[in-house]
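This briefing goes through one protein structure by topic. Please keep the sequence and the 3D view open while reading.

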Amino acid sequence: MFFLLNKTKEKKKKRMEIIRIVSAFVLASVCTSIRAQIDGSDYENCIVVSSLMQNIFSQRNVHLNFIPGTLYDAKGNISSATLGLNNFKTRILSLDPDYIRKRLYIFDSNTAAIYAINNFDWVSSFTNMTVTVIHDGLSRYTARIAVDWVSNNIYWTDPLFGWIVVQSGSKTNTYKILIQDALEKPYALAVDPVHKYIFWSDVGSTQKIERATLSGDDRRAIISTGLAFPTSIAVDYSSEKIVWVDSNRDSIETAYFDGTGRMVIRRLSHYEFYDVAVFRDLVSVTDLKNGTLVIINKNTGDIFNTLRKTNGEPFVAVALYGADVQPSQEDSCKSSACSDLCVNGNEGPKCLCTEGYSLTADELTCVEDLGKFHRALMWSNRSAICMTDIRSLTSNGHTDSASCFFSGGTDISHFDIDMIERKVIFADGTDIFSANIGQNPVKQRLLSATGEITGLAVDWRDQNVYWSMGTTDGEINLISQTTLEDYTLIDADLQYPKYLNIIPLNNMMLWISGSTGAYKVEKSELDGSDRVVLISSGALINPKGLTADFATNVLYFIDGGYVKSFDMDSKVLTTLTPESPLNSPQMVLIYKNYLVVADSSYPSGVIKTYEKKSEPVLKFQLTTINVDSMTDMNILDAYLQPDIKGPCDTLNGDCEQICIPIGQNRICQCEYGFQLDSNRESCSSSPVTDNFLLVTDWTHNKIYQISLASDDVRAVDTETYGSPIGVAYNHMTQQLMWSTNKYIHRLNLNGTGYKVIQNTELIGCHADRLVIDFTSGNIYYTANRVSLGGFIGIGVISPDGLHKRLITYGNKPRDIVLDSEDGFLFWTDHGQSPSFIQRANMDGSNIRTIRNSNLVWPNGLAIDAKGNLLYATDGSTDIIYRCTYSGVCTTFYTDTGAHLMDIILLGDYLYYTAWNRPYVARLNRTSPGIITRVGYKPELGRLDSLSAYSSTKTSTTVSDACLPNSGRGPCSTFCLPTPSGYTCSCEDGFNLLSDGKTCENVSDACLPNSGRGPCSTFCLPTPLGYTCSCEDGLNLLSDGKTCENATPTTTTTSSTTPAIHTHTSTKGTVGGALKEPGVPVAVIGGVAAGFVVLIVIIVVLVLVLLKRRNKTLRENNSNHLVQQPETTTLADLPFTTNASGRPDSTYDLIRFDDLEIQTETTTEEIDTSGRMSGDRNLQEENGYITPIDRDQAVSGQTEVTNPFYTDNLAFLCPRREAYSF
């Protein structure tokens, strides 16, 4: 049944109160009718959730939805009721009920006001409901409201005004700003009348959750680390905990009232949590991204139900309504005689006064002390100084309060305010006057200047007045209001000074000077000393309207029709882009988190307010002020003129990381993963040197170490994280590498030696994941294009920063692993459907798709080089696959709802990250069962890339061919392993010479001394110079040139030129690794020494002859292999079979890309039971085998379709230790 509360349909029913809201751009009334749909369900205990109207042509307005309390008892069909307000534009962003008084409070961002829906009662079928305005003039950004149902007070946070306010629910316009000191951007809010606390979040530069009493006393930060954007807080009264949602951490979390016992209830990626409510064991959360209401068990984290509107309108604010939700409590304020506000405290009632009033000695009565305007926007024209309530910045409901308290001027050009003394200082013509703010102002002349006054500023600490005047011979002067003596501070080399500002607590004076083509922004000390140009003429067009934000040390001004900002710390000049375009901006000022701009536009000027940040996004026009005739504007608020700075305002209170103010004192804290040093100010983190994981935290832009011995989590001690994506660790150099959107970075594990080794932005890409070839220290990475024509594929970087585009192919390559001994690289690509796993030689040749079915988001890849196995994570299906090198895959493990990311193998365990898991999961690779949680810390955010090291478990593979000469083998620049040996290659833009080893850009430093250059034995030219090396078993001395037992090289020439040999064989090919032949050592000494040397030379010659013979045999065998027929069966291969005809179990699967073997393409379905579905004979006939862990067969899907080649191949060869050709 529908109940339409409208006078024309139901004359006998009480008409709702029409809201007094007048605006040229908003409908005149907001709530003139309410309609509801009731189906007979029990709504005495229910969820109330708001939704946003998205279609103006909807059949009826629906702003509130009611879901019965039976929802908590069982799943099933959910009945609901709806209620609509008559203004389509109504946007209810916060709501909270008062069940005892049958009221529902709502915050409508469209009108920037809080309303009360009275007689909010299903028993009477909503027939007597009325709507009243509680408070208007809040920020349109978003405010959060919370009700103290015991003492009938309503609280709210205002993020842009930067305060927390309390107002009586029974007395109109009786409100008090409860907290604003050291409060940057308050957001979430919860009130606990049972335990008499309020909780809120501050989402400013230092994010934290704080607690205070209902009167704002006993304030303390209870959580100050591991937060990203806590948007809502709810109180769990029964367990004395708070529950909050953090939209940037994708988390629902809980902790006790003192911040201890913190836990993550559930993490859900691809959700945007906004509001939360808790009742009994269930937590109700709204999700803006998907428009749903998600109900979760607070004890298990399981999703109980997910509700969505059938018309797609998103759920926004949520609250719980019922007697059980708001139990009755004793109200000590009932017997109190407070004249304004009363709040309950642990020691009884406490009286508070509304703004502009103060408490008398009886602590009950409030008296006026500031007058009507205690906070106001002020402006001047040529004849008057006027003001309006500060709330006029956001709401037209206060514009009728505008009044001009001073008139009678003739040429008012500038003014400033002494807010503590409540006086205005203004320039009228060439005179400077003061006048008190309020009724019947008294005007007093301070000074008559000799020229036009172009700027004015007041030091509120000593009441000194600063002013500028003049043209080509300008001056900046000072006058004392106490003695009326004046002083000239600057009069040399000062042209056209104007728009003077001072920051008293910083002892700083700022102004604009110069004329067309020569403008400057300058600063000095207050006495005129230490004069500095901040912004030179080349960056300025026609600057005006300078103002300073001393809280952030940022200047704002108008220039060339734009608002610009200048950070005095970073020296960065920014042009701001407002959402509402400016026609002809004239002036700008800062108030809290607002940027206020006076814009002169046709037919009259307006004042627009924006959120104070690099790109203002808020807009609102106030059309009652004529900017065309406005000469200056300012803000009246005593809070803006403190006597002293806050304890954290200067240099962050000398705290390296987090400064927590406590009155006029402070304590320093450290970000998660750091420890406070003994000086109680600086922070550090000592590295774990063995048995650890490295993991990137996407949420908090950190890289953490997790000790596998103690489970301790430590942050990598650096300030140069950027936004880390992939991470890799080189245990041989104790360095970690990580990628960000623009760079690849390198750092010693102890935090020293930071270096950018590649600027990937220069080649139009960002690096995703990284892997190290321990043969050479080369870094392989997956590249994703970020600009048109940018690089996409696989790149390789040498330890000294030389770069090569190895593979230019793909859509969205992600993870990458190497088998250097076999010369293979593998990577995943999730940029198409189906996604795939690919393989190539490490020189980029012979690209093969080894898996391209049933993959959606292949995010992670791990390699078991000994077992020739891969492990791949799929973030969509949450399956971990185990695959052979040829792509024979089976489901290894499933973690439903995890959103799997990276995976690595360390010893007998697999470790993986998942966006929905607040830990790293560990699995036994031979018998996966229940996972073990590693690094389960609630402060950790979304975990992405992994790396690991253990001196006893880390297993690395190297290429014997490239191992000599610091991993460059016989090559001058890059030695890239392949299955058949190696390939020499050059950095981008250069080619190999005809020798196939030397790049055209290498140094000629090795040319002297018969190719040895300055080295005693071997000299290898590089693009950056040369590298010296020694024979096997000998080391370089400290000079980096001379080998042990060698004579230092002089500038004399030698007739011996050392030969450079190529290496054409690795595991599974003919022959072993050829070592570089030795070079005879010069004989210096007596006969005995010469005899010893002669014997050594003979032995070496014999070895050389033997190795040359082996080389010839190997080359013959290689030629023979290349000439094999295109189709090869198992019978053609040189190994034995067992009685069944299958290859002996001592053989592993391996791939050789230099063999031309044609195989058929077959696709088998995955059988997660461990058996291969399909014809086993067909699998053997096509050359597949599936040994896992030597004696456990693997089953799964096999797909060897290759989009590039038709010679898909996979065949068996023995283990490397059991067989050689």
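**Charges over rings, and the model as a whole**

The charged end of Arg144 lies over the ring of Tyr274, at 4.0 Å from the ring centre. The model is predicted, and this holds for every value below. A further arginine, Arg922, sits over the face of Tyr909, with 4.7 Å to the ring centre.

**Overall figures**

- The protein chain has 1221 residues, and 58% of them count as buried.
- Its secondary structure consists of 4 helices and 91 strands.
- Among contacts in the protein chain with a separation of 6 or more, 49% are between residues 24 or more positions apart.
- The protein chain has an accessible surface of about 49400 Å², and carbon and sulfur atoms hold 49% of that surface.

**Aromatic pairs**

- The count of aromatic pairs comes to 25.
- One of them is the tilted pair of Tyr271 and Phe273, with 5.8 Å from centre to centre and 40° between the planes.
- The two members of that pair differ in cover: Tyr271 has 22% relative accessibility and so counts as partly exposed, whereas Phe273 has a relative accessible area of 2% and is buried.
- Phe406 and Phe426 also form a tilted pair, because their ring planes stand at 50°, with the centres 5.0 Å apart.
- This second pair links distant parts of the chain, since Phe406 belongs to strand 33 (residues 403-407) and Phe426 to strand 35 (residues 423-428), 20 residues apart.
- Phe406 and Phe426 are both buried.
- One aromatic cluster is made up of Phe66, Tyr99, Phe120 and Tyr321.

**Strand 35 and its two partners**

- Strand 35, which holds Phe426, is mostly covered, with 5 of its 6 residues buried.
- Strand 34 (residues 412-418) runs antiparallel to strand 35, and 6 bridges join them.
- Within this pairing, Ile412 has Asp428 of strand 35 as its bridge partner.
- Strand 34 and strand 35 make a hairpin with 4 residues between them; Arg422 lies in the turn and has a positive phi of about 55°.
- Strand 35 is also joined to strand 36 (residues 431-436) by 6 bridges, again in an antiparallel arrangement.
- Here Lys423 is opposite Asn436 of strand 36.
- Strand 35 and strand 36 form a hairpin with 2 residues between them, and Gly429 in the turn has a positive phi of about 70°.

**A four-stranded open sheet**

- Strands pair within a sheet through backbone hydrogen bonds, and the pairing is either parallel or antiparallel.
- In one open sheet of 4 strands the order is 42-43-44-45 and the pairing is antiparallel.
- At its edges are strand 42 (498-503) and strand 45 (532-535), each of which pairs on one side only.
- From one strand of this sheet to the next, the twist averages 25°.
- Strand 43 (residues 508-513) and strand 44 (residues 520-525) run antiparallel and are joined by 6 bridges.
- Met508 faces Glu525 of strand 44 in this pairing.

**Backbone features in loops**

- Asp530 is in the loop between strand 44 and strand 45, that is, between two strands of the open sheet described above.
- Asp530 is not a glycine, yet its phi is positive at about 55°.
- With 55% relative accessibility, Asp530 counts as exposed, because the cut-off for exposed is over 50%.
- Gln734 likewise has a positive phi of about 55° without being a glycine.
- The loop that holds Gln734 runs between strand 62 (727-730) and strand 63 (735-739).
- Gln734 has a relative accessible area of 45% and is therefore partly exposed.
- Ser833 and Pro834 are joined by a cis peptide bond, with omega at about 0°.
- Pro834 is located in the loop between strand 71 (824-829) and strand 72 (836-841).

Note on methods: Residues are numbered from 1 along each chain as its sequence is written. This is a predicted model: local features need pLDDT of at least 70, side-chain atom pairs count only at pLDDT 80 or more; totals for chains, interfaces and linings use all residues. Side-chain values use heavy atoms; hydrogens and water are left out. Buried means under 20% relative accessible area, exposed over 50%, partly exposed in between (1.4 Å probe, protein chains only). Contact means heavy atoms within 4.5 Å. Accessible areas come from the Shrake-Rupley method with a 1.4 Å probe; for residues, only the protein chains shown count as cover. Two strands pair if DSSP finds at least two bridges between them. Axes are lines fitted to C-alpha atoms, for helices over the stretch in contact, and angles run from 0 to 180 degrees between N-to-C directions. Rings of Phe, Tyr and Trp (its six-membered ring) pair if their centres lie within 6.5 Å; planes under 30 degrees apart count as stacked, over 60 as edge-to-face and the rest as tilted. A charge sits over a ring if NZ of Lys or CZ of Arg is within 6 Å of the ring centre and within 35 degrees of the ring normal.
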